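Student: Could you take me through a close look at a single part of this structure, the salt bridges, and then show me what surrounds them?

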Amino acid sequence: MTRARVRKGMYSDLSAQELQLRLSQDGYSIFAWRDAPGTYYPQHSHPHDEFIVVVSGSIVFEIAGSQYELNTGDALELPAGTVHAAVNRGSTAVSYFICTR
């Protein structure tokens, strides 16, 4: 079973436009998403792999009882079927790309 993997600072040196271009060149379909402060997603899973990259702000994912804070430039590899929850605990919106292949 493949596990979720956090990649801190993987894209911290790229602008949003450069990041979107890089992800597209890497073969991802990209869906831009934005959550207001306090937005919460209860535990759920997806039938497909996701690669989430934070464009700006901060979001916390809970996976298997552990919490992972992702900030601007951080990425999360989320294999299909991984049960997870997410919350924006910050005082500003978080913007991120949800990527699939």
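Tutor: In this predicted model, D74 and K8 form a salt bridge in which the closest N and O atoms are 2.8 Å apart. This pair links distant parts of the chain, since D74 sits in the loop between β6 (66-71) and β7 while K8 sits in the loop between β1 and α1, and the two residues are 66 residues apart. The partners also sit in contrasting surroundings: D74 has a relative accessibility of 4% and counts as buried, because that value falls under the 20% cut-off, whereas K8, at 52% relative accessibility, counts as exposed, because the cut-off for that class is over 50%.

By the rule used here, the count of salt bridges comes to two, and the other one joins the side chains of E77 and R7, with 2.7 Å from N to O. E77 belongs to strand β7 and R7 to strand β1, so this pair ties together parts that are 70 residues apart in sequence. Here E77 is partly exposed, with a relative accessibility of 25%, and R7 is partly exposed as well, its relative accessible area being 25%.

From these charged pairs we can turn to the nonpolar residues. In soluble globular proteins, nonpolar side chains tend to be buried together. The largest nonpolar core in this model has twelve residues in all, among them I52, I63, L70, L76, L78 and Y96. At least two residues of this core come from each of β4 (50-56), β5 (58-63), β7 (75-78) and β9 (94-100). One core member, L78, can be followed further: leaving aside its neighbours within four places in sequence, L78 is in contact with A4, H48, D49, E50, I52, I63 and H84.

A second core, separate from the largest one, consists of ten residues, including Y11, L14, L23 and F97. Of these, L14 is worth finding on the structure, and its place is in the loop between β1 (5-7) and α1 (16-25). If we again leave aside the neighbours within four places in sequence, L14 is in contact with L19 and R22. You can also compare its position with that of V55, which is 41 residues apart from L14 along the chain, while the C-alpha atoms of L14 and V55 are separated by 9.1 Å.

Definitions and conventions: Residues are numbered from 1 along each chain as its sequence is written. This is a predicted model: local features need pLDDT of at least 70, side-chain atom pairs count only at pLDDT 80 or more; totals for chains, interfaces and linings use all residues. Side-chain values use heavy atoms; hydrogens and water are left out. Helices (H or I, at least four residues) and strands (E, at least two) are DSSP runs, numbered from the N terminus. Contact means heavy atoms within 4.5 Å. A nonpolar core is a set of buried Ala, Val, Leu, Ile, Met, Phe, Trp, Tyr and Cys residues joined through side-chain atoms within 4.5 Å. Buried means under 20% relative accessible area, exposed over 50%, partly exposed in between (1.4 Å probe, protein chains only). A salt bridge is a side-chain nitrogen of Lys or Arg within 4 Å of a carboxyl oxygen of Asp or Glu.
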